[in-house]
Amino acid sequence: FLRAVERDDVWNLTARKDGKVMKTLKARDLWESISYAAWASADPGLHFNTTMNDWHTSPAAGPIRASNPCSEYMFLDDTACNLASLNLMTFKGADGLVDIESYEHAVRLWTVVLEISVLMAQFPSKEIAQLSYEFRTLGLGYANIGGLLMSSGIPYDSAEGRAIAGALTAIMTGVSYATSAEMASELGPFPGFAPNRDNMLRVIRNHRRAALGLSDGYEGLSVNPVPLVHAECTDPALIAHATAAWDKALALGEQHGYRNAQVSVIA
């Protein structure tokens, strides 16, 4: 569809039941309608289905077909994740820098807490409970990135702001996956890991490449991600910890697998 938008081509709307063409539109007109509706309602308006499944850790169990209503959780049908958000302002030190060691400790701690919560949570259906147990998806995230940047005098929409957000996200998800692999070394990987091992490790390697700031070498992607731009982050320690986290996440995952098919979301 987006290629048709680029070419200023037409797009066929097809029937769900038999694929019959019901209506033909200019792709750019439809794209404008989707974009306007998303802006006007302040809700997600479009799923990039190819990209969603390129980063899917468990495709052997089926494709990702939809998300939760707010669109931060993308996984198999009839699954859920338990959410927890770390307040980034609590990790800002007197020197204005992020206390990275405390942040990483909190990520490790809450990854364990959320793993425990998989067995303690109540789910709305038997199917969701069963698949959540089999894939053990977690929802660790952070909040107050805007407060952290504004209190530091950094514009929210700036190269520096994006680099800091990217580094903090890379640290969080990398440390969480590394912790998940450590738990797998004691408890075993999630039940659905074995048939998805190759694909999950491919996704982890792609995450690591993005954290390393690489623009090529990605595996099995239709569209390459925007990598972390190291030179635009004003705190070199954030970059060092981001790359180290993904080195560890991959090394431990190759050795032990992962306890969780997914570990983080930004709610």
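## Helix 5 and its packing

In this predicted model, the buried residues of helix 5 pack against three elements, namely strand 4 (74-75), helix 4 (100-120) and helix 8 (193-211). Helix 5 itself spans residues 126-135, and its buried residues are I128, S132 and F135. These residues lie on the same side of helix 5, because they cover an arc of only 80° around the axis.

Directly after helix 5 comes R136, which takes a positive phi of about 55°. Both S132 and R136 also appear in the lining of the largest cavity, which is treated further below.

## Strand 4 and M74

Strand 4, one of the packing partners of the buried residues of helix 5, contains M74. Leaving aside neighbours within four places in sequence, M74 is in contact with H47, M52, I64, A66, S67 and Q262. For the pair M74 and H47, the separation in sequence is 27 residues, while the C-alpha to C-alpha distance is 9.9 Å.

## The environment of H56

H56 belongs to the loop that runs between helix 3 (49-54) and strand 3 (66-67). Is H56 buried or exposed? Its relative accessible area is 1%; a residue counts as buried under 20%, and H56 is therefore buried.

The side chain of H56 reaches the backbone oxygen of G62 at a distance of 2.8 Å. When neighbours within four places in sequence are set aside, the residues in contact with H56 are G62, P63, I64, F75, L76, R202 and V203. G62 thus appears both as the residue whose backbone oxygen is reached and in the list of contacts. I64 is in contact with H56 and also with M74.

## The largest pocket

Rolling a probe the size of a water molecule over the atoms shows where empty space is left. The largest pocket holds about 1400 Å³ of space. Its lining comprises 42 residues, and those nearest its centre are W55, T169, T173, H207 and P225. Two or more lining residues come from each of helix 3, strand 4, helix 7 (159-187) and helix 8.

Which element gives the most to this lining? Helix 7 does, with nine residues. By residue class, the lining of the largest pocket divides into 27 nonpolar, 12 polar and three charged residues.

## The second largest pocket

The second largest pocket has a volume of about 290 Å³. Its lining is formed by F1, L2, R3, L46, H47, F48, N49, T50, T51, S222 and V223. Helix 1 (2-7) and helix 3 are the elements that give two or more residues to this lining; helix 3 gives the most, with three residues.

The lining of the second largest pocket consists of five nonpolar, five polar and one charged residue. H47, one of its lining residues, is also in contact with M74 of strand 4.

## The enclosed cavity

How many cavities of 30 Å³ or more are there? The count comes to one, and the largest cavity has a volume of about 30 Å³.

Its lining residues are A80, C81, N82, V118, F123, S132, R136 and T137. They divide into four nonpolar, three polar and one charged residue. Among them, S132 is one of the buried residues of helix 5, and R136 is the residue with a positive phi just after helix 5.

Key: Residues numbered from 1 in each chain as written. Predicted model: local features only at pLDDT ≥ 70, side-chain atom pairs only at ≥ 80, totals over all residues. Heavy atoms only, no water. Helix = DSSP H or I, 4+ residues; strand = E, 2+ residues; numbered from the N terminus. Buried < 20%, exposed > 50% of the residue type's maximum accessible area, 1.4 Å probe, protein only. Polar contact = N/O pair within 3.5 Å; in protein donor to acceptor, adjacent residues only side chain to side chain. Contact = heavy atoms within 4.5 Å. Arc of directions from axis to C-beta. 1 Å grid on protein atoms, 1.4 Å probe; cavity = no way out; pocket = protein on both sides within 12 Å on 5 of 7 lines; lining within 4 Å. Points joined across faces, edges and corners; volume = space filled by probe spheres on them. Nonpolar A, V, L, I, M, F, W, Y, C, P; charged D, E, K, R; others polar.
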